[in-house]
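Here are a few exercises to work through with the viewer open. Try each task yourself before you read its solution.

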Amino acid sequence: MRAGWNEAEINAPTLARMAQDAGASAVAVHGRTAAQSYSGFSDWELIDQVAGALTIPVFGSGDCVEPEQMVERLRTTRVAGVLVGRGALRNPFIFEQADALLAGRTPRVVSMAERGQFLLDYIDLLLTERVAEDTGFRHTAPGMTAQAPDDATPRGRKKWVINKLRALNSWYTKGLVGGSDLRVRINSAESIDRLRAIVIDFFGVDAS
C-alpha cells in the first residue's frame with residue numbers, strides 16, 4: 001500500500017491495521033501517496049509509525065536506491081525489511097552490497113566487466129524463459145490469458161528479448177560514463193548478436 005491518496009488522506013496506518021485484523025501475515029508500505037507518484041520523497045516516519053503499531057512484519061519502500069540507504073532504514077526504523085525497486089534495476093548488486101554493510105564489511109567494487117556479464121547472462125536467461133516450463137506452473141487471474149513472448153518464430157522471441165533489454169537499460173545505464181551513448185546503441189540494435197557485441201565492447205567483457 002501507499003501512504004494514502006494524497007496529503008489530506010493518509011490512510012496507511014488504518015489500512016495496515018485492517019489487513020492485520022483480516023489475517024495478513026505481513027504488509028508493505030510505500031511512503032509516497034498516490035498523488036505523488038514518483039515525485040517528492042518517501043515518508044519513512046510514517047512507515048516507522050505503521051511498523052511500530054502492528055505485530056506482524058512491516059516492510060518499507062521508497063528512496064532506497066543505494067545500499068547505504070537500505071542499511072540506514074533497517075537500523076533507524078522498526079521495519080522488518082526494505083523493498084527495493086528502481087535501485088535494483090540500476091544496480092542488481094545492491095543487495096550483496098547492503099548485506100556487506102550490515103555485517104560491517106566494505107562492499108566489494110563491482111567491475112565494469114562484471115556489470116556487462118550480468119547483461120549477457122540476462123540475455124541468455126530471457127532466451128530460455130518459459131521454455132519447457134511445467135504445465136500449470138504459471139497461474140493467471142480468472143478471465144485473463146497468460147502473457148508470454150511470441151514463440152511462434154525464433155525471430156518473435158528474439159525481438160521480445162531485445163525489447164526487454166532496452167527497457168532494463170533505461171535504468172541500468174544511469175550514472176555510467178558514456179551511458180547515454182550506450183542507450184542509443186542498444187536501442188538501435190536489431191539482433192541478439194549485435195546486442196551482445198555492444199555489451200562486450202562497452203563493458204570490456206572477456207568474450208573468449
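**Exercise 1.** In which helix does Q97 lie? Find its burial and its contacts too.

*Solution.* Two notes before we start: this is a predicted model, where local features need pLDDT of at least 70 and side-chain atom pairs count only at pLDDT 80 or more, while totals for chains, interfaces and linings use all residues. Residues are numbered from 1 along each chain as its sequence is written, and side-chain values use heavy atoms, with hydrogens and water left out.

Step 1: Q97 lies in helix α5; helices (H or I, at least four residues) and strands (E, at least two) are DSSP runs, numbered from the N terminus.

Step 2: Q97 has a relative accessible area of 13%, so it is buried. Here buried means under 20% relative accessible area, exposed over 50%, and partly exposed in between (1.4 Å probe, protein chains only).

Step 3: Leaving aside neighbours within four places in sequence, Q97 is in contact (heavy atoms within 4.5 Å) with P67, N91, P107, R108 and V110.

**Exercise 2.** Describe the surroundings of A100.

*Solution.* Step 1: A100 is placed in helix α5, residues 94-102.

Step 2: With a relative accessibility of 6%, A100 counts as buried.

Step 3: Not counting residues up to four places away in sequence, A100 touches R105 and P107.

Step 4: V71 is 29 residues from A100 along the chain, and the C-alpha atoms of the two are separated by 9.8 Å.

**Exercise 3.** Work out the strand order and the pairing in the sheet.

*Solution.* Step 1: The order is β1-β2-β3, an open sheet of three strands with parallel pairing. Two strands pair if DSSP finds at least two bridges between them.

Step 2: β1 (27-30) and β3 (81-83) stand at the edges with a single partner strand each, so one side of each has no neighbour in the sheet.

Step 3: From one strand to the next, the twist averages 30°, with axes taken as lines fitted to C-alpha atoms (for helices over the stretch in contact) and angles running from 0 to 180 degrees between N-to-C directions.

Step 4: β2 (residues 58-61) runs parallel to β3 and is joined to it by three bridges. In one pairing, G60 has V82 in β3 as its bridge partner.

**Exercise 4.** Locate the largest nonpolar core and the elements that build it.

*Solution.* Step 1: A nonpolar core is a set of buried Ala, Val, Leu, Ile, Met, Phe, Trp, Tyr and Cys residues joined through side-chain atoms within 4.5 Å. The largest has 23 residues, and those with the most contacts inside it are L119, I123, L165, Y172, L182, L195 and F203.

Step 2: Two or more residues come from each of α6 (112-128), α7 (154-172), α8 (179-188) and α9 (192-203). The largest share, six residues, is from α9.

Step 3: L165 touches L119, Y122, I123 and L195, not counting residues up to four places away in sequence.

Step 4: A second, separate core has 22 residues, including C64, M70, V71 and V84.

**Exercise 5.** Which two loop residues, S37 and D63, sit where, and what is their phi?

*Solution.* Step 1: S37 is in the loop between β1 and α2 (44-53), and its phi is near 55°, a positive value in a residue other than glycine.

Step 2: D63 is in the loop between β2 and α3 (67-76), with a positive phi near 65°, again in a residue other than glycine.
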